[in-house]
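Biologist: Could you take me on a close look at one part of this model, going from a loop out to the helices and strands around it? I would enjoy one connected account rather than a list.

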Amino acid sequence: VTAYVCTACGATQPIDGRVWRCGCGGLLDLPDIAPRPFVVDGSQWSLWRYRAALASFPTSDIWKAVSLGEGMTPLVPEPPDQYLKVDFLMPTLSFKDRGSAVLVAKAAEMGVARLVADSSGNAGTSIAAYAARAGIAAEVFVPAATSPAKVAQLRAHGATVRQVGGSRRDAADEAMARVEASGDFYASHVYNPLFHQGTKTFAYEIWEQLGGQAPGTVVVPAGNGTLLLGAARGFAELVAAGAAVRVPRLIAVQAARCAPAAAAWRGAAPTASWGSSVAEGIAIAHPGRLAQMLAAVEGSGGAFVTVDDAEILDGRRVLAGRGLGVEPTAAVAWAAWRSWPGAAQAPRPVVVALTGAGLKTTG
Ligand SMILES: [Zn+2]
């Protein structure tokens, strides 16, 4: 695969460091690939064991210098027929490392010297860490309200931090303006299709850990849909490659206080009044890939589910009581699964994603 495809007009664009959206303004994507037979490189104990399935990889061995050993996270049984995918056991303690590792490795291969990102949290930290590893200068735009601890973490990895007044969206707008003016690489976990090439390894790992089969149901938190879209793509590719029978039902969970995708899925009129949530990592009022998120859930026969903040914090307490310390954003999938009326009818086995470590937040 050597070209992006525009999701709006269908035009193709060569995979190039400066391209992050179509000339028509549309979002870019990479086509699904389905290698037959599906090849796992058992000599690699990281997500790079699946690199034969990464679009545009491998064209060199540069990933070996960029990798921090990400992937191969535990799948912990939660009897009778449930599993917790402990995807926060990653170099920067969030699943975002899947996307960052692949995105930054490709950027390094393309000879990128400077990258720009925007994030208020785990994605920015992850991109900054991998950029440091790859010797790429990183400039990260964050909302001014971002916690001092997170800003310190970004700076520790050598990133230049730009604090922007206003909302999360204002920080993204500033980053895009910077990219347009400078020609720097836009390491966006929303726009850049290479990021989803990394998050799709979430699906491959679960498939391999279950003995070469897809689970019946997968429950993930959803804000910008980074994990949802990666999982949907990964399972679809496994089915297309003949390695799995069907795509699991994808249950995408949003915080009730900020649930634009769940509202759109129900057919509710768009609202401008979304608020904040203890699940700060998924409190995204304007997800850039909303249409794709809806299509992924719909196509799997799944559902969008919402949970309120009290349920999220309760779910977090229950998980901690089972030995698993997660941040509130990472507790939403388990919280929803515990209380969702449709859970009893959902196909087994069920895999619930735990995406960010408890140390990411205080309190
Ligand atoms: Zn286009």
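Modeller: Happy to! Please keep in mind that this is a predicted model. Let us begin at T92, which sits in the loop that links β5 (82-86) to α2. Is T92 buried or exposed? Its relative accessibility is 8%, so T92 counts as buried. Leaving aside residues up to four places away in sequence, T92 touches D97, T125, S126, A129 and K360.

Two of those names lead straight to the next feature, since D97 belongs to α2 and S126 to α3, and both take part in the meeting of these helices. Helix α2 covers residues 96-109 and helix α3 covers residues 122-134; their axes come within 9 Å and cross at roughly 40°. The crossing is right-handed. On the α2 side the contact is made by K96, D97, S100, A101, L103, V104 and A108, and they meet N122, A123, S126, I127, Y130, A131 and A134 of α3. Sorted by class, this contact holds nine nonpolar, three polar and two charged residues. As a reminder on helices in general, an α-helix has 3.6 residues a turn, so residues three or four places apart point the same way.

Now back through the loop to β5, which brings us to the sheet. Six strands make up an open sheet of mixed pairing, in the order β4-β5-β13-β10-β11-β12. The edges are taken by β4 (75-78) and β12 (303-307); each has a single partner strand, so one side of each is left without a neighbour in the sheet. From one strand to the next, the twist averages 25°.

At the β4 edge, β4 and β5 pair in the antiparallel sense over four bridges. Here V76 stands opposite L84 in β5. The two strands form a hairpin, with three residues between them. Further into the strand order, β10 (residues 217-221) and β13 (residues 350-354) pair in the parallel sense, over three bridges. V219 has V352 in β13 as its bridge partner.

Which helices lie against these strands? One is α7 (residues 201-209), which packs on the sheet and touches β4, β5, β10 and β13. The direction of α7 makes about 135° with that of β5. Another is α11 (residues 309-321), lying across β5, β11 (249-255), β12 and β13 and running at about 90° to β12.

Helix α7 deserves a longer look. Seven of its nine residues are buried, so α7 is largely enclosed by the rest of the structure. The buried ones are T201, F202, A203, Y204, E205, I206 and W207. What covers them includes the strands β5, β10 and β13, along with the helices α2, α6 (193-199) and α8 (226-240). So α2, which meets α3, is also among the elements covering α7. Just after α7, G211 takes a positive phi of about 80°.

One last item concerns the cysteines. How many disulfides does a search of the whole structure find? The count is zero. C22 is buried, with a relative accessible area of 7%, and C258 counts as buried too, at 1% relative accessibility.

Terms used
Residues are numbered from 1 along each chain as its sequence is written. This is a predicted model: local features need pLDDT of at least 70, side-chain atom pairs count only at pLDDT 80 or more; totals for chains, interfaces and linings use all residues. Side-chain values use heavy atoms; hydrogens and water are left out. Axes are lines fitted to C-alpha atoms, for helices over the stretch in contact, and angles run from 0 to 180 degrees between N-to-C directions. A crossing is left-handed if the near helix is turned anticlockwise from the far one by less than a right angle, and right-handed if clockwise. Contact means heavy atoms within 4.5 Å. Ala, Val, Leu, Ile, Met, Phe, Trp, Tyr, Cys and Pro count as nonpolar, Asp, Glu, Lys and Arg as charged, and the others, Gly among them, as polar. Buried means under 20% relative accessible area, exposed over 50%, partly exposed in between (1.4 Å probe, protein chains only). Two strands pair if DSSP finds at least two bridges between them. A disulfide is a pair of cysteine sulfur atoms within 2.5 Å.
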